[in-house]
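Me: I'd like to go through this one and ask what each label rests on. Here it is.

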Amino acid sequence: MLKINNLHASVEDKSILKGINLEVKAGEVHAIMGPNGSGKSTLASVIAGKEEYEVTKGNILLDGEDIEELAAEERAHKGVFLSFQYPVEIPGVSVTNFMKTAINETRKAKGLEDMPANEMLKMIREKSELLEIDRKFLSRSINEGFSGGEKKRNEIFQMAMLEPKLAILDETDSGLDIDALRIVANGVNKLKSKDNAVIVITHYQRLLDHIVPDYVHVLHNGKIVKSGTKELAHELEAKGYDWIKEEVGA
Ligand SMILES: Nc1ncnc2c1ncn2[C@@H]1O[C@H](COP(=O)(O)OP(=O)(O)OP(=O)(O)O)[C@@H](O)[C@H]1O
Ligand SMILES: [Mg+2]
């Protein structure tokens with residue numbers, strides 16, 4: 001589904017990603033870990049097509065198609081979803097209306113009519129129940145006054161509604177209390193299918209107790225320096241990153 005070849009990217013002429021190779025197949029969950037500043041969020045942003053980042057070498061293929069030249073919006077329409085580390089507030093636009101617009105824009109890009117209102121309501125009901133989201137929450141202005149945990153839950157709700165092909169969750173665990181973490185993780189697990197894939201970026205092994213990854217990668221200084229299974233996350237939790245840095249001579 002996603003294939004990244006020798007990807008180099010920079011922001012404001014500063015080189016950040018220095019040769020990333022990654023293949024994510026449909027049905028897989030990949031976790032990306034690594035020290036602060038190693039380039040995890042940058043990688044997520046580059047895949048999603050955020051404008052500030054410039055790809056200087058290599059390519060990103062989604063289902064065999066080079067998506068590097070596409071705008072973030074077009075990538076979203078093709079099924080790439082990125083959760084926001086710091087979501088924006090839109091006063092006056094409710095969670096529900098924001099979702100309706102987002103869904104209908106995606107449909108329009110595919111040449112489809114707007115989703116019928118009853119279908120939309122049914123979907124909102126189903127997905128909000130799945131994620132144990134309160135009715136009242138859905139009518140609030142998006143992100144306005146949301147607590148950290150509410151923002152995160154809202155992101156996962158957005159993901160549930162948009163049913164992306166490739167979801168990238170950046171630090172979805174930060175700021176979630178234990179119950180919310182479980183709810184969000186369960187939501188992600190329920191949305192998983194053989195046709196989609198998830199990349200979870202996290203600092204802590206605990207999220208991976210709930211969202212069990214098929215592969216774990218460690219990013220360091222803009223490169224994937226180690227890949228393994230979920231055991232690698234346990235090892236990192238116990239030993240930190242220094243041993244890996246030593247191993248790769250960094
Ligand atoms: N828009 C930007 N402008 C300037 N520097 C940036 C920008 N985005 C990222 N960087 C720099 O790129 C490097 C990698 O940042 P990135 O956010 O990808 O790290 P990260 O691995 O997600 O870290 P964390 O674990 O702290 O979230 C950092 O040195 C950061 O300061
Ligand atoms: Mg980050």
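Reply: Start with the shell: a residue is near a molecule if one of its heavy atoms lies within 4 Å of it. By that rule, 16 residues surround ligand 1, and the closest are Gly37, Lys40, Ser41, Thr42 and His203. This is a predicted model, where local features need pLDDT of at least 70 and side-chain atom pairs count only at pLDDT 80 or more, while totals for chains, interfaces and linings use all residues. Residues are numbered from 1 along each chain as its sequence is written, chains are lettered from A and ligands numbered from 1 in the order in which they are written, and side-chain values use heavy atoms, with hydrogens and water left out.

Me: What makes the pair between ligand 1 and the side chain of Thr42 a polar contact?

Reply: The cut-off for a pair of N or O atoms is 3.5 Å. An oxygen atom of ligand 1 is 2.5 Å from an N or O atom in the Thr42 side chain, so the pair is within the limit. For the side chain of Lys40 the value is 2.7 Å, and for a polar backbone atom of Gly37 it is 2.8 Å. The protein covers 68% of the 640 Å² of accessible area that ligand 1 has on its own (Shrake-Rupley method, 1.4 Å probe).

Me: Which element gives the largest share of the shell around ligand 1?

Reply: That's α1, with three residues (helices are DSSP runs of H or I, at least four residues; strands are E, at least two; both are numbered from the N terminus). β2 (14-24) and α1 (40-48) each supply at least two.

Me: Why is the bridge between Lys165 and Asp63 called a salt bridge?

Reply: The term asks for a side-chain nitrogen of Lys or Arg within 4 Å of a carboxyl oxygen of Asp or Glu. Lys165 and Asp63 come in at 2.6 Å, N to O, so the name fits. Lys165 lies in the loop between α6 and β9 (166-170) and Asp63 in the one between β4 (53-62) and β5 (65-66), so the pair ties together parts that are 102 residues apart in sequence. The structure holds 11 salt bridges.

Notes:
Polar contact = N/O pair within 3.5 Å; in protein donor to acceptor, adjacent residues only side chain to side chain.
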